[in-house]
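I opened my notebook today to look at how two chains meet. Here is the structure I had on screen.

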Amino acid sequence: MSEPVAGNPVQASDTTNGASAPPPETGATNGSQTPSSAGAPAPGPEPKKLSAAELKKQKQAEKQARRAQAKAAGPPETNPREISAKESQKQVKDSKQASKDGKSKPTPPWRRPSQPTVPVFKDAKKEAKDSTQGKKLPGLFFGHLYTERREHSVTGATKGVHPAVLALGLQYSSYEICGSTARLVAMLLAFKPVIETYETPEGTSLARHFISHQLSPQIDYLRSCRPLSVGMSNAIRWLKDVIIKIDPATAEEDAKRDILSSIDDFIRDRVTVADKLIEEYGEKKIEDGDVILTYAASSIVEKTLIRAHKAGRSFSVIVVDSKPLFEGKRLARKLAYHGLSVKYFLITGASHAVKQASKVFLGAHAMMSNGRLYSRVGTAGVAMLAHAQSLPVIVLCESVKFTERVALDSIVGNELAPAEELLSESERKDMLPLKPYLPSGLLARLGAPEGEGDGEKRAEPGDVVKWIEGAENLQMLQVLYDVTPAEYIDIVVTEHGSLPPTSVPVVQFMSTDKK
Amino acid sequence: MARDMAQAAVTIVTPGLSTFLKSLKTTPVEPSIENFISLLKRRQIRNSRPCAIATTALLHRVVGEFKGRDAGKLIERIREVGRRLVSAQPHEVVVGNIVRRVLGLVREVVDDSKDSETNANSEIAQISQQEQSPSQSAHRPNLSSTISSFSPLKHAAAEPGQLHASRQSEATSESRELLKRPMLSHSYTSIAAGVPMSHSLFGLFSYQDTPSASNTPTGHHSPTGKGGALTSHNLEKLADFSKPNARVDLKAEVMDGIRELQDELEQSDEQIASNALDHIHSNEIILTHTASTSVQRFLLNAARKRKFTVVHAETHPHDHTATHGIVLTGRKRYNEEHDDDDEGSSWKPLIAAGIEVYVIPDSHVFAIMSRVNKVILATHTVLANGGLIAAAGAAMIARAAKEHQTPVVVISGMYKLSPLYPSDTDELIEYGDAGSVVPFEDGEFVDRVDVENPLYDYVPADLVSLYITNLGGHAPSYLYRIVADHYRQEDITL
């Protein structure tokens, strides 16, 4: 939850980008390029190391990005989307000629270390379409979801994205900042320098100009890194509301100070103090001898458990966790460090874990207006098992994460995550001996040059992902959340007190209406 | 053994089913038994099918080496071997199943030869049977403890009373409690004793001369005079058989039976798969889990004619590699064994048959379930009450399916059906290496946190909609009846 620090994550993911993730092409580039590519110089002269076309596109994107940044050195005057679209059209020609030396170009002196490559705006929808070409869609189940490839570098960022936000975006996409409360707070904190460095252009006012020209690019960038959480959307709505309500007559300095202080107030009221209250209420639900089961990791559950432990309550904890994020590991480690007795299960063992538990505490990503809990995928299963055992299921959730949205199942609205995250390095290694048995067509299709004889030795863990991606009819799926039916939930503990899940819309209405 | 070891050392093959089967041909019986026991203990032969194959092969040999014509002694011998095997690895219930099946074979041969003689004493046997039932019901609580004396597991064995369908649901959950209620047990045993429930209706008369088929387990261990008399009567009859009998060659008959059993093991997947088209319709979305050859064959068979979609939960952390293996290549084991059972084209992955396969982590089961039409589970062991032991995660899958009103189909060979009733399901659950959950490199974590890794889940009968075995489809509530057809009451306590 610390303020995002630019540095390592940026560098790291930037370097890995070239290798693992396919090149983040700018939608604008592709939109304009596809029709013209026939006439344009073919990728022939390009060195054919990887997929030549991909390599080229990547280079172009980077090249273009630099140019865009150089041209747009002045204050942004129009919608960056349009600018970059227009510009990129112009630049397609230039960049093609110069694309070979694109990578080796020395870093311009004006670029900050936290900004290794220069942002160009990326049109999400077009990108989504493009990505289907190289990669299979999660068709049947989640075909309707935003299938854009997650941004792992700042290459695709639009100009005008503040370095603090760039860094934050990378921390989102690499799950370094994970958990909806942490993401919410980190976002607000990252917006503070954005506001501080903002200068209202001549002839307009902060209230009118800031949101569309300064705040929106930041939000768009964050969204491209990972879809916004419900808490974040709520906070953004609130922030926009605050800014719009600023009297245009207010001096810029005063206005900025007001916004900054209301951000602080928001974090204090809706998160910090709310957490304190929830901890207090939650702690009362823990009795001596209890075995508290929790799933994955929630900051508020963690705080509540530690607080109860410090209050001298004697209880033990079962952490149920799942791949690929293993968030529960960190929680288990922390709790054990505080001296709690902790058991750790994976979700396959959940039915056994539930048998040993006496209460279930769950964190929330969001509470839906129909009383359903939207939380880390797997939560619903654990809540279901607990409900079947008649264990009380207690959800701890700040009211800032309540939403007016409703959901019936986990399929309509969800966040899709890259499937290759599912296979850890060791799992990939374990699968290597499969190689000789792979369907013959598959390897041929992948264009694996090695013969059958030495195939096994030369196979690398990275290949496994290619097998799966290359295999026809085969897909791996990963979503991040699921929806827990309201009937599995006994209590929702919020800063307004403990409520049944059916009261969520009431609290949601109250907390948004207050303003 | 030594040769086997040498061979293993040369080719660097880890001992397993194939090496055991190879060595079985050349090694004497006693070392073979020891070898199998140690393989079981070291978990080098694991999972139901390899255990079943190895057990049958071993028993085939045991019977082959058996000297003499005394059926009682042969039963005693098989039983003795069986006990050693079962206590070596009580979690592999299938070993006990096979031993019981073979014991049943011996008894059947004995009975058949008896049938041809007069069944003059059948009425007496039945009368004595009825007379004894009240006194035995009082002793029934002994039953579970007598089992536990040689096996670390304390299952309540299938009892005649429990075989009665109307008692089914009560018996499963509170079989022990039931035993303590004299009124109840009295009433239901008398029913059971009056009608020999454990045999098929067609065999009603021909089997009557078997002395108290339904009562023997208790009688066998009962200290009372009547129970003792019954046992001696039983043994007497078996000894009778040891008298030179020109018409039946006991050993040959039993060996034939075992060979049939081996055939059954081999063909069971195929037979199950032949039902596939009756159960899978077009455009279904089918969720399955773990890596199971039976399920794979079943789906492949359906894929010949139908298009459907498979969602495969990967069962991390035990079977995910095998799951990926079966999804990608159609085979789950790639290190050994496959050269034994290479069936060529049958190693075809579903994806090659044009079936779309989606691999999901186990946490996604609930999320996906609303779109799934049918859940097909593989199983480790099926219990007589209709519940099953399956790879960890199955309980969540089955319950999620129940919550979504999605039918749960369990695919299982008959050899996995055990006559055991679970009085304490936790005992049947094997716990695996915690290192596969959290690698031991993370020493600090492993030190501080208690990492548990259950390998199996117990899925209660009410979550299962249908069993598909090599005999066809059955409701879970009917399994007790199939148990009664396959296992002799005398053998339920080994």
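My entries below go from confidence, to the interface, to the salt bridges.

**Entry 1: confidence.** I started by reminding myself that this is a predicted model. For chain A I looked up the mean pLDDT, which is 76, with 67% of the residues reaching 70 or more. Then I checked for weak stretches in chain A and found residues 72-134, where the pLDDT is below 50. The model still gives this stretch 118 contacts beyond near neighbours in sequence. I noted residues 449-457 of chain A as well, where pLDDT stays under 50. For residues 449-457 the model has six contacts beyond four places in sequence.

**Entry 2: the interface.** How many residues does each chain bring to the contact? I found 61 from chain B and 64 from chain A. The area buried between the two chains is about 5,100 Å², and carbon and sulfur atoms give 68% of it. I was curious which residues of chain B stand out here. Leu328(B), Tyr358(B) and Phe366(B) supply 13% of the area that chain B buries against chain A, more than any other three residues.

**Entry 3: polar links across the interface.** I counted 19 residue pairs in polar contact between chain B and chain A, both residues being at pLDDT 80 or more. Next I asked which elements of chain B touch chain A. Several supply at least two residues each, among them strand 3 (309-313), helix 18 (365-369) and helix 19 (394-403). Helix 17 of chain B gives the largest share of that side, six residues. Sorting the side of chain B that touches chain A by class, I got 31 nonpolar, 16 polar and 14 charged residues.

**Entry 4: strands that pair between chains.** I was pleased to find strand 3 of chain A (residues 341-346) pairing with strand 10 of chain B, in the parallel sense and over two bridges. In strand 10 of chain B, Val451(B) is the bridge partner of Tyr344(A).

**Entry 5: salt bridges.** Side chains of opposite charge can pair when their charged atoms come close. Over all chains I counted 44 salt bridges, and four lie across the interface of chain B and chain A. One salt bridge joins the side chains of Lys355(A) and Asp426(B), at 3.8 Å from N to O.

I also followed one within chain A: Lys359(A) and Glu287(A) meet at 3.7 Å, N to O. This pair links distant parts of the chain, 72 residues apart. Lys359(A) is in strand 4 (residues 359-363), while Glu287(A) is in the loop between helix 11 (252-284) and strand 1 (291-295).

Methods:
Residues are numbered from 1 along each chain as its sequence is written. Chains are lettered from A and ligands numbered from 1 in the order in which they are written. Side-chain values use heavy atoms; hydrogens and water are left out. Contact means heavy atoms within 4.5 Å. Buried area is the accessible area (1.4 Å probe) that two parts lose on being put together, summed over both. A polar contact is a pair of N or O atoms within 3.5 Å; within protein, one must be able to donate a hydrogen and the other to accept it, and residues adjacent in sequence count only if both atoms are side-chain atoms. Helices (H or I, at least four residues) and strands (E, at least two) are DSSP runs, numbered from the N terminus. Ala, Val, Leu, Ile, Met, Phe, Trp, Tyr, Cys and Pro count as nonpolar, Asp, Glu, Lys and Arg as charged, and the others, Gly among them, as polar. Two strands pair if DSSP finds at least two bridges between them. pLDDT is the predictor's confidence in each residue, from 0 to 100.
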